[in-house]
Every structure is written in C-alpha cells, then in structure tokens.
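Work through the exercises below with the sequence and the coordinates open. Each task is followed by a solution in steps.

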Amino acid sequence: MVMNQMIQFVKQLSGKFGTDVYTSLPNQTDPNKIAFMRELQRELKNKDVLDVPFSELKVVVFDVETTGFYPYKGDRMLSIGAIKMQGDKVLDNETFYSPIHSDEAPSEEIQKLTGITLEDLVNAPSINKVLRDFYHFVNSDTLVAHHASHEKQFMQHATWLALRTSFQHRIIDTSFLTKVVEPETGLVTLDDCCAHYGIDIEQRHHALHDAIATAKLWAESVRSIQKMGFSNLKDVYTYIATLK
C-alpha cells in the first residue's frame, strides 16, 4: 500500500517536474529494454537474501550526488557511483560511475562541494541510459548506501520519471550494522564512520569514491557482525526486533 501511494505521488508530480528536473527524456518504447526491467522486477520479487550467509552475500554499494535533498521539489541527481562486494570483500575491478546529463549548471555551492560542472553534465549520458546501465550493473543484487533514505528517494523519483517503472531493489543502510556493532559510539556521518575505522576517502562528495569508502565501512561491519555470532541479515533483523 505504501509503495502504491508513493508511485501515485510520483505520477502526480512527474508532469510538473519531468522536463525541468531531467531534460530531454526520450520515449520509453524499446521492447528489449522494457523486457529487461520487467524480468529484473520479477527476479527481485522472488529473491530472498535474508538467509544468505554474510560470507556469500552479494551487494552493490552505491552513492548519488545531487543538487539538494528533495527530489519531489525539483532537486535532481548529478551522478551515480557504485562498487560490488561479496561478503567482506570489496571487488575493486567491478565499479560503476557516470555523471547525468543536464543543461542546467549546479549551484556554485554544489559545484564546489562535488566538483561537478555544467561541462560535465552537458556531455554526460541521459538519465535513461545511466539508470539502465546502472540496473544492468546491479542486476538483482542488494543495494547498500550510507544514509540510504537519501539514495532511495532519488532512485524512486528518477526511475519513475525516466523509465516509467517503480524502484524495487532492497536498500540496506550501513547504520543497520554499525548500530549493532558500535552501539555506544553514536557514529552518524560517513566522515565520522570512516575516521573511526581508519578508512581514507580519496575524494569526498564524489559518487564513486564515497561508494568505495562506504563499501569499506560495510566490510568492517560485516567482519564485526560475524564475530558477534550473526550469520545473516535475518539474524540481525531478529536481534534488532528484540531491542524495541
């Protein structure tokens, strides 16, 4: 019910923001691309990762850079970066990164923060292509992000506007494990979490480098959670339920 309400909300807003937020969206009529998305959604509905041992769990850790915090008020994604993992192993050679086309420059503040300029966006591929390439990269793997609600909002919004389909991937917030592993530290920001574990971020507020740092954070949490005796995500969910 909640998902249906979300889809309807985005549908209502798409007419207002569609051409302003992501310019020049082409018509979604390619039967092969539509078939891939439908098959992916069927696979996601049938996939249950809760019982998969942490050592075997495949995830894609990702990050998006945006113009702000509110996709339903006109903010848009500027870039997506991602890296694959299995268990606590970061797969350095399996990465994804792309800026997203726009004819509108980010604010000066966002340009300084991210290093993304109008030139980067004008020459970038369309949101349609970036999302399709991203979904091909992810396939049906579980997604992980730091402060995942931010990523989830933008992915829901952009996926509907660009591909006219709902976003159905499971996203796990890194805090899901860090709150169990480090309950007394009060770690919140990516900078604080990485400093706590001695993780270097090569370039902050760059989608790929932030994703890599987040992947290393997830790896540390997976190692720690296994040492605590948790075997899979279901074990952790069950434990957290007892704390409420």
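**Exercise 1: the sheet**

Task: State the strand order and the pairing of the sheet, then find which strands stand at the edges.

Solution. In this predicted model, 5 strands make up an open sheet, ordered β3-β2-β1-β4-β5, with mixed pairing. Next, take the edges: β3 (89-99) and β5 (171-173) each have a single partner strand, so one side of each has no neighbour in the sheet. Finally, the twist from one strand to the next averages 30°.

**Exercise 2: the β2-β3 pair**

Task: Determine in which sense β2 and β3 pair, and which residues of β3 stand opposite K84 and S79.

Solution. Strand β2 covers residues 77-86 and pairs with β3 over 8 bridges, in the antiparallel sense. Strands in a sheet are joined by backbone hydrogen bonds, in parallel or antiparallel fashion. Along the pair, K84 faces L91 of β3, and S79 faces P99 of β3. The hairpin of β2 and β3 has 2 residues between the strands, and G87 there adopts a positive phi near 60°.

**Exercise 3: helices on the sheet**

Task: For helices α5 and α9, list the strands involved and give the angle to β2.

Solution. Start with α5 (residues 127-138): this helix lies across β1 (58-66), β2, β3 and β4 (142-145), and runs at about 10° to β2. Then take α9 (residues 207-227), which packs on the sheet and touches β1, β2, β3, β4 and β5. The direction of α9 makes about 35° with that of β2.

Key: Residues are numbered from 1 along each chain as its sequence is written. This is a predicted model: local features need pLDDT of at least 70, side-chain atom pairs count only at pLDDT 80 or more; totals for chains, interfaces and linings use all residues. Side-chain values use heavy atoms; hydrogens and water are left out. Two strands pair if DSSP finds at least two bridges between them. Helices (H or I, at least four residues) and strands (E, at least two) are DSSP runs, numbered from the N terminus. Axes are lines fitted to C-alpha atoms, for helices over the stretch in contact, and angles run from 0 to 180 degrees between N-to-C directions. Contact means heavy atoms within 4.5 Å.
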